[in-house]
Every structure is written in C-alpha cells, then in structure tokens.
Amino acid sequence: MAAGTIRRLDEAVVNRIAAGEVIQRPANAVKEMIENCLDAKCTSIHVIVKEGGLKLIQVQDNGCGIRKEDLAIVCERFTTSKLQKFEDLASISTYGFRGEALASISHVAHVTVTTKTADAKCAYRATYSDGKIKAPPKPCAGNQGTQITVEDLFYNVLTRRKALKNRNEEYAKILEVCGRYAIHNSGISFSVKKQGETVSDVRTLSNASTVDNIRSIFGNAVSRELIEVDCEDTSLAFKMKGYITNANYSVKKCIFLLFINHRLVESAALRKAIETVYAAYLPKGTHPFLYLSLEIAPQNVDVNVHPTKHEVHFLHEDSILEHVQQHIESRLLGSNSSRMYFTQTLLPRADCSSSEVLKPAANSSAAPKGTSDKVQAHQMVRTDSREQKLDAFLQPANNPLSTAPREAPAQGSARPMEGAAGPQDAEMADVSAPVERAARVQDTAVPGGLRDSRHLSPEAAPPRKRPREDADVEMEEDDSGKDMTAACTPRRRIVNLTSVLTLQDEISSQAHARLQEMLRDHSFVGCVSPQWALAQYQTKLYLLNTTKLSQELFYQILIYDFANFGVLRLSEPAPVYELSMLALEDPESGWTEEDGPKEGLAEYIVEFLKKKTEMLKEYFSLEIDEEGNLIGLPLLIDSYVPPLEGLPMFILRLATEVNWDEEKPCFESLSKELALFYSIRKQYVTDEANPTNSQTEGSDSGSAKWKWTVEHVLYKAFRTHLLPPKHFAEDGSILQLANLPDLYKVFERC
C-alpha cells in the first residue's frame, strides 16, 4: 500500500479549523467579546442577540476603544496589545493574550467594528471577513468605546449551524455567561436582551453590589441565604473571596461560579471538594449555590491549556483545595446555629395587607389622616364605592340602566315549593337547621324553560340529615354557624375521602399569594364583556378573565364544600333524553354519522346516568329521578343560578368526558365539568353592546342582571373563596393594563 502524501493545508482551512476550536457556540463568541470589553476598562456593557446569537450578536462598551491605525489588523490572528514576548505569559493579568478571539469570529461570521477613542474626533467603522478588512475604515458618528456586530455566525460551517438548532437554548447559555460576568464585575453595568425587546433579560447597575447582582439574576431565595467567605494564605500565594449559601438553601443542580484571576473557569476537583463538605448539611441529592473568586499569583497559573480558556492549571492545587475546603466548612459550622424565619406581625383579618405594611406609601388609604407624611400624587389611590362605575359611561343617555337588576315579571318569578316532603325529606324532619335551597322554573316546556336562566332562584329547602354511619363522611354539629359553605348553608358533614383531601391539597399548594391578596382587596371597575372585567388594586388597573376565574371558583367550591351543597330544584323535570338530543344537534358536540343514531346515543346517556344517580345526589346534589328526568342542580353560591342554556351540553359531557373508572379522576373531572357549566360564558349571555330597535326593554333588563351578578355575586365570591392558581399570572387570565406611577412617567415626557 502506497504511503499518503503530506500536504500543507491552505491558510483559510487552517484558520477555519482553529476558529471552530475557539468559537464552539454563540456563547463562546459573547464570552470572548465581553472579556475584550473588560480589558478595555469599560463601565458599561450592552449585549443584543437575535435567534440565539446565530443571526446577530452585538456587544457595545464604553471603554478605551481601538485606534484607527490598528483597525487594519485587529481581526488577524495573533494580533494583541496585551502580550509582546512569551515570558509575559508568566505575569499575564488580562483576559485575552493570544489575539485569536476576533480572528476566529471573523472566519465563521461577518464582523463589523465601530470604535472611537477618547482623543479621536469621530468614530470609525470597518467590516471584516476571514480575518481581513474589506475596505479602509470609514468615519461615522459614535460614542466612545467599541461596538462589535457579529452576523450570520457559522454561515460557512453548515454542520455546526445545523447542530445548534435550538435557538432558545443558545440564548440561555448567553444569559448564563453574561450573568456570571455581571456578578463578578459588580462595578460594571450589564444589559442583555433580544433584538426588538424593550426589557432586558439580564440587567445590573454599575453601583450595585455583588449581592445585589446575585439577587437580580438568581432571585431573593438565593441572596437571603448567602454567607460571605474570605480567606488568604501568603505561603500558597492565593486569596479567596465570594459568597456561598447556608444550610437553609438547596437545589437539585449545583450552581458554581468560579473565577480564577478574574477568569471564568471550571474546576471539577474544587467542585467535588466543596460538595463533599455540603453533603453533611444538605438533603441527599441537593446542592448549594457557590460564587468563588480565587486570586493566585500569575506566575503560578498556566492559562494556556485550553482553546476556549475555560480551564486553567495552577501550582499547589491540592493544598489550595484543602485550604478552601476547611474555610468553607468553618463558615458553614458558624452559620448552622441560626436560621431565618418570617413572622406575621398583623392579626388575622387585619385591614392592612402585607404589601401595605411593606410599602405604606403605595396606598394612600393606609396612611392615617392628619399625618405629616405627604403622599406623592403618583402614589395616591382614589377609589370610592359610591362613585360611578364604568357602565355609566357606556349606556345610552335616554335609557340608563341601574346598577341592580330590575324586578323580574310576575310570570317569571320564583314561587315556594308545593307539596309535602318526599321520603328522603321525611327522614330529615327532626333537624331544624336548613341545609338545602330549592328553586323552581315556571316554564311549561323543558326546552323553552332552558332559554332563560333568570326564572331559577334559590329558596328554603328541607333540613339536614341525621348522622350517618359512614367511615368516610361524618356528621358535624353546627351550633355557631361559623362553618358555612359558599352558598351560605351550614356545613353538616366532614369529608374524609382521601381523594377529596388530595384534591384540596393540590388546590392550596398551587395558590398564588399575591394574586389572592389582589382579588381580596380589589375595587371593581366594570364589565367589558361577559368574559372580561376591569378591577383596580392599589395603583394598578387589571383586566380579569371572568370566565376562567369563575370556572376555577366553582371547581374549588365543589372540592372544598364536597357533599355539602344545597339544591336548586326545577319546577318542571327536564328529561335527560331531550337534553341529550338537543346537545347532539349542536355542532359543538362533534357528532358524526359514524357514532351511530342520535336516538340510540341519547337513550344510552339516560341509562348510564340513571346508574350514577345515587353518587351524583349524595356528593354533588345533582338529582335525576327514576324516569330519567333532571330535577335538581347543586347550589354553589347563594343568589347565583347557572346559565341553563348550557345544560344540554353539560349532560352530554357528563356522560362522555368524566372518568368514571377511578375515584379521584372521577371527582376531579366531574367537578371540572360542573364548574364549566356554572361559569359565565359569553356564548350564553345576550350581547347588548349595540342594542337594535327590535330589542325590547326586557333584554336591557337581562343585560343589567348578568352585570349585577358578575359584580355583586361572582367578584364578591372571588374575594373570600377563590385561591387563584399560579398559572393565572402567566396564561393571561389576569393582565395588568396600567400603573399610575408609570403613567406619570409617560406624561412627564410629553
């Protein structure tokens, strides 16, 4: 076999190979450019990124800049202002020294440099490709410092570009690099954001301390548990300082920020040594937060051991690691005796909220009258329940609507229950406390009776049951009347079902404390539509999704008041068969001919639900008689009747969407379907925004009634019964529209 010929590689190939070693991903390019900014003695660094850095990276500083004469060779390999001879490596104190950063970037991207020195009359701009300047530098306007723009990174290395397909992951790594340098360089302001965004994802101030920067980037949970470490050993020629978390804080993945001679590096040996110390203090499988800065004599450090310079070697490594380990263990021992507790100084149900205690100036009502503390205009909260609501400005002048619903016509009013109590009611005749509510519908035909839910209203019902011999549901004596359900009926039974208790725990664990405080203390502004409403809290105006909030409210009532509901009884039984047929006729049901005849499906639904009548009545007060007629619905909130227009679809979903096989999924899915049926939905509320001449005065009355119900029933219940889940702050259910201090800032610019 013939020997292969050895050839000298083309210079462009050599440079591109070297560039691939130095610039492995966009975060490496950002790191190299940030280090150049820091070497230029800047006090401010701004980074703008597009598509994870593959489309655009722009880094701007206010440092010393680059001389016009040096722009011609600034992107060539091995051109640097920090090193002259090899011996200088022994005492190198700057980040860069090889002169490969900009050269490597220019071989795999399009680079533009705009720079201005302090003594220059103007800035100069130059573009580069493959390490060479394309044209002589052109004068332009610019601030002191340097702005480097990198576009189309890896445009000529398609394999590398395809491998970096996750843009969000690359942007996260850029944020990680910038955040770590921002923490270490507390005297320099950092700003990192995506192109086109107005809010920075990483932002620190030049006058902020290291702890402030840690709080800004990693949050209060880390910053309030920090311990400062500081040790020095002259014999080993090293000094260490930094911050570590105490035994109160732990995370699943170790966060380790290590700087050696101000260079961001990694050290597996040091990480392992420190985690060995923490193993005695933290739960198994958890780790601490560590920020350490080691300063070692430059002659003892070899920084030229890795292309990206993220690893270094230094003398006396074992001795230094042991010294650091001992110091951290002593600091943890000293902090182990003290822990931080947050106490509540206010009594329960106090008038002031926690935010008012922390920020008394945020709400003028929190400050007593006659005090000398002046509240600024942009922090005043002006709310008065006697003032006009939003509706007063939206109604026609010739037909104003009152804030309360009008009296319903005589033929549609509710009447008392007639006849004697049934067999089950007779069983409860010896207990005097009322626990059920009954209501009756005056419409003669069932489908017609579903057209308007105004005819259904709660009224008195039979008293509560005798004690039952059941291990899962116990009776509760209610002498004081304090333990009331959301429908203002005394709770008569304690539920010990594990599935229900688990669902209750899930609701409470997902509650958002700040949103709960906002809903508790809000001032209702007005209804925008059946789905949306406006509310004010302190100096902020919020847009709330009434549909989602009411759905969550009824779900929580169904879980927390489980098996303790009153009854809304229909005056005319509603055949489940007819309701199922109405639902199957609706395109929303999704019925197709392949599903079989509608009549057969309707009969199946009737027979299926008749088998579940005992459980539905016992736990949900949903009553279906032996003939398959719906005769009662649960009373969830006093003075509230669900929109009966959605009853057919509810019956269909009750048979098809509920998981009837397992206990916990059954209760959860059934409660969610009931909550969906009870919630305010715009498709079941008449649109009265632009009334026509053909609409009667009765429709205006209906409009006033649902608005009154939303304000005085639902939002009143939100104050006391709703635990808003955390996802409401993220999915658009509660949106902040305006903030008074921010509006003042806008008007001050005008």
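Which strands does helix 16 (residues 576-585) lie across, and at about what angle does helix 16 run to strand 24? The views below show two sheets and the helices on them.

This is a predicted model, in which local features need pLDDT of at least 70, side-chain atom pairs count only at pLDDT 80 or more, and totals for chains, interfaces and linings use all residues. Residues are numbered from 1 along each chain as its sequence is written, and side-chain values use heavy atoms, with hydrogens and water left out.

**View A. Five strands form an open, mixed sheet.** The strand order is 10-11-14-12-13. Strands (E, at least two residues) and helices (H or I, at least four) are DSSP runs numbered from the N terminus; two strands pair if DSSP finds at least two bridges between them. Strand 10 (226-233) and strand 13 (263-265) are at the edges with a single partner strand each, so one side of each has no neighbour in the sheet. From one strand to the next, the twist averages 20°.

**View B. Strand 12 (residues 255-260) runs parallel to strand 14 (residues 289-296).** Six bridges join the two, and I255 has F289 of strand 14 as its bridge partner. Helix 8 (residues 268-278) packs on the sheet and touches strand 11 (238-245), strand 12 and strand 14. Contact means heavy atoms within 4.5 Å. The direction of helix 8 makes about 135° with that of strand 12; axes are lines fitted to C-alpha atoms, for helices over the stretch in contact, and angles run from 0 to 180 degrees between N-to-C directions.

**View C. Helix 16 lies across strand 24, strand 25 and strand 26.** Helix 16 runs at about 80° to strand 24. The three strands form an open antiparallel sheet in the order 24-26-25. Six bridges join strand 24 to strand 26 (residues 629-635), and L568 stands opposite L633 in strand 26.
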